[in-house]
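Subject: A structure for you to look at

Dear colleague,

I am handing over the structure that we talked about, together with its sequence. Please open it and keep it in view while you read the rest of this email.

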Amino acid sequence: MLCCLITACGGYRAAADAAVSQPFYSFNQSPLIQIYGLPALGEAKLLPPDETALSLHMQLSNHFTGSSQGVETLSLDGETRRLTLQWRQGLSSNSEWGFELPFVSHNGGFLDIYIEEFHDLFGMPQNGRTELPRERVDYRYTHNGVNLVNLDHSASGTGDVRLTGAMSSTGNDGYVAAWRASLKLPTGEESELLGSGSTDLAGWLSAATARPPDKWNVYGGGGVLMM
């Protein structure tokens with residue numbers, strides 16, 4: 001899978017905060033995973049009270065994989081674009097809330113020929129890419145001969161809306177941390193792989209060191225997802 005990230009966001013950070021790591025808005029873009037509530041980890045530093053941030057994130061992913069084992073068969077061939085409008089607002093008591101509104105599109109795309117040429121240029125195997133038509137959509141999962149997922153046409157529309165919240169964790173001058181949570185609502189069309197048809201709840205911790213810009217800084221996080 002090839003995934004490209006394009007992010008645009010308003011400037012709301014002072015120069016003094018430049019040492020705090022600000023990660024890419026990114027999570028697994030597989031068409032069978034991005035429909036669930038797996039979150040982007042987010043920043044470890046919350047917005048100040050009454051301050052807002054409006055961001056637009058675009059993720060472009062090209063998929064080509066397949067396997068068959070026992071009673072299961074999986075085929076993923078296509079391209080997925082996910083455009084997400086993200087809004088956040090800082091609240092009093094070191095907290096934050098917001099929402100994410102995605103627009104998801106599954107189609108044949110345009111990257112197939114460039115990926116094939118890239119593989120040829122560096123002598124990498126095509127793994128069956130050149131044996132099938134370009135720019136097709138085939139997202140399919142079969143279990144015991146029953147198609148549980150079968151999308152063979154372009155589809156686009158609003159995905160599953162997410163409500164988000166965060167609270168600052170106790171820290172010191174050496175690091176910043178935030179407890180974050182998101183609630184994903186089943187607003188996307190499940191049959192078109194625009195949503196999962198379920199409500200998901202995620203909770204996680206994002207943390208980062210806050211050292212001078214000329215020093216190494218570390219960012220990370222982890223949490224749980226209840227589907």
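What follows is a walk through the strands, the loops, the aromatic rings and one surface patch.

Please bear in mind from the start that this is a predicted model, and that the statements below describe that model.

Strand pairing

A good place to begin is strand 4 (residues 95–107), which takes part in several pairings. Strand 3 (residues 72–91) runs antiparallel to strand 4, and 13 bridges join the two. If you would like to follow one of these contacts by eye, look for Glu 79, whose bridge partner in strand 4 is Asn 107. Strand 4 is also paired with strand 8 (residues 162–168), again in the antiparallel sense, over 6 bridges, and here you can find Gly 98 opposite Thr 164 of strand 8. A further antiparallel pairing, over 4 bridges, is made between strand 4 and strand 7 (residues 155–158), where Ser 105 stands opposite Ser 156.

Turns and loops

Strand 3 and strand 4 form a hairpin, with 3 residues between them, and Ser 93 in the turn has a positive phi of about 60°. Asn 94, which lies in the loop between strand 3 and strand 4, also has a positive phi, of about 55°, although it is not a glycine. These values deserve a second look, because most residues other than glycine have a negative phi. Is Asn 94 buried or exposed? Its relative accessibility is 57%, so Asn 94 counts as exposed, the cut-off being over 50%.

Another case is Asp 50, found in the loop between strand 1 (2–9) and strand 2. Its phi is near 65°, a positive value in a residue other than glycine, and Asp 50 is exposed, with a relative accessible area of 67%.

Aromatic rings

How many aromatic pairs does the structure hold? There are 4 aromatic pairs, and two examples are worth following in detail. In one of them, the ring centres of Tyr 25 and Phe 27 are 5.9 Å apart and the ring planes are at 75°, so the pair is edge-to-face. Both Tyr 25 and Phe 27 are buried. Phe 27 has a further contact, since the charged end of Arg 162 sits over its ring, 4.9 Å from the centre.

In the other example, the rings of Trp 87 and Trp 97 have their centres 5.2 Å apart and their planes at 80°, so this pair is edge-to-face as well. The pair links distant parts of the chain, with Trp 87 in strand 3 and Trp 97 in strand 4, 10 residues apart. Trp 97 is partly exposed, with a relative accessible area of 39%. Ring pairs also bring in Phe 99, so that Trp 87, Trp 97 and Phe 99 are linked into a cluster.

A nonpolar patch on the surface

Finally, please turn to the surface, where Leu 54, Leu 56, Leu 83, Leu 85, Leu 101 and Phe 103 make a nonpolar patch of about 490 Å². Which strands supply residues to the nonpolar patch? Strand 2 (52–69), strand 3 and strand 4 each supply at least two residues, and Leu 54, for instance, is found in strand 2.

With best wishes

Conventions:
Residues are numbered from 1 along each chain as its sequence is written. This is a predicted model: local features need pLDDT of at least 70, side-chain atom pairs count only at pLDDT 80 or more; totals for chains, interfaces and linings use all residues. Side-chain values use heavy atoms; hydrogens and water are left out. Rings of Phe, Tyr and Trp (its six-membered ring) pair if their centres lie within 6.5 Å; planes under 30 degrees apart count as stacked, over 60 as edge-to-face and the rest as tilted. Buried means under 20% relative accessible area, exposed over 50%, partly exposed in between (1.4 Å probe, protein chains only). A charge sits over a ring if NZ of Lys or CZ of Arg is within 6 Å of the ring centre and within 35 degrees of the ring normal. Patches are made of residues with over 30% relative accessible area and no salt bridge: like charges are joined within 9 Å, nonpolar side chains (Val, Leu, Ile, Met, Phe, Trp, Tyr) within 5 Å. Accessible areas come from the Shrake-Rupley method with a 1.4 Å probe; for residues, only the protein chains shown count as cover. A salt bridge is a side-chain nitrogen of Lys or Arg within 4 Å of a carboxyl oxygen of Asp or Glu. Two strands pair if DSSP finds at least two bridges between them.
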